[in-house]
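Hello,

Here is the structure I promised to send you. Have a look at it first, and then read on for what turned up in it.

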Amino acid sequence: ASKGGGKMRCTWFMAEFDRNLEAIRKLDEELRSALRNNEFRVNYQPLVDAQTRKVVAVESLIRWARPDGKMVGPSIFIPVAEESGLIHAIGLFVLRQSCQDALDWNGIKLSVNISAAQLRDPEFPIQLGQILEDTGFAPELLELEITETCLVLDPIVAERSLDVIRGFGVNVVLDDFGTGYASIGFLRQFRFEKLKLDRSLIVGSADDEGSRAMMLSSISMAQALKMDVTAEGVETEAQADLVRAAGCDQIQGWLYFKAMPADQISQHLTPASVNSPTVSLPKKAAS
Ligand code: C2E
Ligand code: MG
Ligand code: MG
Ligand code: MG
């Protein structure tokens, strides 16, 4: 009976495997049509300065508005797009749309997520340069968020691309710090301008001593290496107080803002005259 059971299990597994492959193929087909039919939306989540609590940056986060009215989040479809190669086209769409949208946002920074596959593509820096030129977006305001996966897979190509990208004036940010394995070694090699502490490091920090110790030591390490630090996924005042006291530069999380469509961003921005002291508006002449 055990032999037969094994064979049955194997047949069951193969059937399950076929079903999964079929589901992935179907999703990939839908994503291709979504791109053709303009069903992807870019939302923006504001990041605030930890001290002043003013909005200093936004992160682009893609969503898929399906024809049936459902909004689908990136964790469902980005892995499939990475597998099939569609991520290249999707990623360029997000970059172009974001640079366009952020043109009128008073000089705050724009942060865009880049997949490992994109960074490994030797064409990518050229395409990025083209998008900056076409949109006229200031490269000094753009940050690319990458994860250590990019660097582990192909550190030589990654380093070469990052050099070109930095040559434009674009900053490079390490995303999801605290979830991977190799981050610490890479921190010195790649000299990121900024580190984003993953939500998992923040979640327990207000209640659990162990989590708090890890969060605090990550922040001091980033500071020792002269990197800016953003805390991601901050949901409570207690967490915000903690990361602020520890010296975090920016805070991102539902405590302050969720991601929102482009047309809702302006209302959360400080007027340009206050944000950039070098620009002074002429006083209204008394008439
Ligand atoms: P990420 O880059 O780490 O983005 C932060 C994620 O945390 C976002 O989820 C955001 O909505 C969520 N988040 C922010 N604050 C809070 C909070 O206080 N509590 C909780 N529970 N969550 C919070 P989202 O939009 O679902 O994106 C998930 C991931 O998908 C992103 O993680 C990023 O890795 C990927 N992604 C999103 N947009 C793009 C894109 O345009 N290109 C690529 N390659 N990946 C993207
Ligand atoms: Mg990110
Ligand atoms: Mg992140
Ligand atoms: Mg994350």
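How do the residues of the lining of the largest cavity divide into nonpolar, polar and charged? There are two nonpolar residues, three polar ones and one charged one. Before going further, please keep in mind that this is a predicted model.

The cavity

You will not need to hunt through a long list here, as the count comes to one cavity of 30 Å³ or more. The space inside the largest cavity is about 40 Å³. To find it in your viewer, select His88, Leu92, Gln118, Asp121, Phe124 and Gln127, which line it. Helix 3 (87-101) and helix 5 (124-135) are the elements that give two or more residues to this lining.

The pockets

Next, look at the largest pocket, with about 1200 Å³ of space. Its lining is made by 43 residues, and those nearest its centre are Glu59, Leu61, Asn113, Asp175 and Asp176. By class, the lining of the largest pocket holds 15 nonpolar, 16 polar and twelve charged residues. Several elements each supply at least two residues of that lining, among them strand 1 (40-49), strand 2 (55-65), helix 2 (74-84), helix 3 and strand 6.

The second largest pocket has a volume of about 160 Å³. Eleven residues line it, and Phe177, Gly178, Ile184, Leu201 and Ser218 lie nearest its centre. Two or more residues of this lining come from each of helix 8 (183-190) and helix 10 (209-224). Helix 10 gives the largest share, four residues. The lining of the second largest pocket has six nonpolar and five polar residues, with no charged ones.

The magnesium ions

Now for the metal. Which residues are the protein donors of the magnesium ion (ligand 3)? They are Asp175 (OD), Asp176 (OD) and Glu232, with Glu232 (OE) listed twice, and they lie 2.1 to 2.3 Å from the ion. Written along the sequence, the spacing of these donor residues is D-D-x55-E. Distant parts of the chain are linked in this way: aspartate 176 sits in strand 6 (residues 171-177), while glutamate 232 is in the loop between strand 8 (228-231) and helix 11 (237-245), and the two are 56 residues apart.

The two residues of that pair fall into separate exposure classes. Aspartate 176 counts as partly exposed because its relative accessibility is 27%. Glutamate 232 has a relative accessible area of 11%, so it is buried.

There is a neighbouring ion to find as well: the magnesium ion (ligand 2) is 3.8 Å from the magnesium ion (ligand 3), and aspartate 175 coordinates both. You have met aspartate 175 already, as Asp175 is one of the residues nearest the centre of the largest pocket.

A serine in helix 3

Finally, click on serine 98, which is found in helix 3. Is this serine buried or exposed? Serine 98 counts as buried, because its relative accessibility is 0%. A polar atom of its side chain lies 2.6 Å from the backbone oxygen of valine 94. If you leave aside the neighbours within four places in sequence, serine 98 is in contact with Val42, Tyr44, Ser60, Leu110 and Val112.

Enjoy exploring, and write back with any questions.

Best wishes

Key
Residues numbered from 1 in each chain as written. Chains lettered and ligands numbered in written order. Predicted model: local features only at pLDDT ≥ 70, side-chain atom pairs only at ≥ 80, totals over all residues. Heavy atoms only, no water. Donors = N, O, S within 2.8 Å, 3.2 Å for Na, K, Ca; no water. Buried < 20%, exposed > 50% of the residue type's maximum accessible area, 1.4 Å probe, protein only. 1 Å grid on protein atoms, 1.4 Å probe; cavity = no way out; pocket = protein on both sides within 12 Å on 5 of 7 lines; lining within 4 Å. Points joined across faces, edges and corners; volume = space filled by probe spheres on them. Nonpolar A, V, L, I, M, F, W, Y, C, P; charged D, E, K, R; others polar. Polar contact = N/O pair within 3.5 Å; in protein donor to acceptor, adjacent residues only side chain to side chain. Contact = heavy atoms within 4.5 Å.
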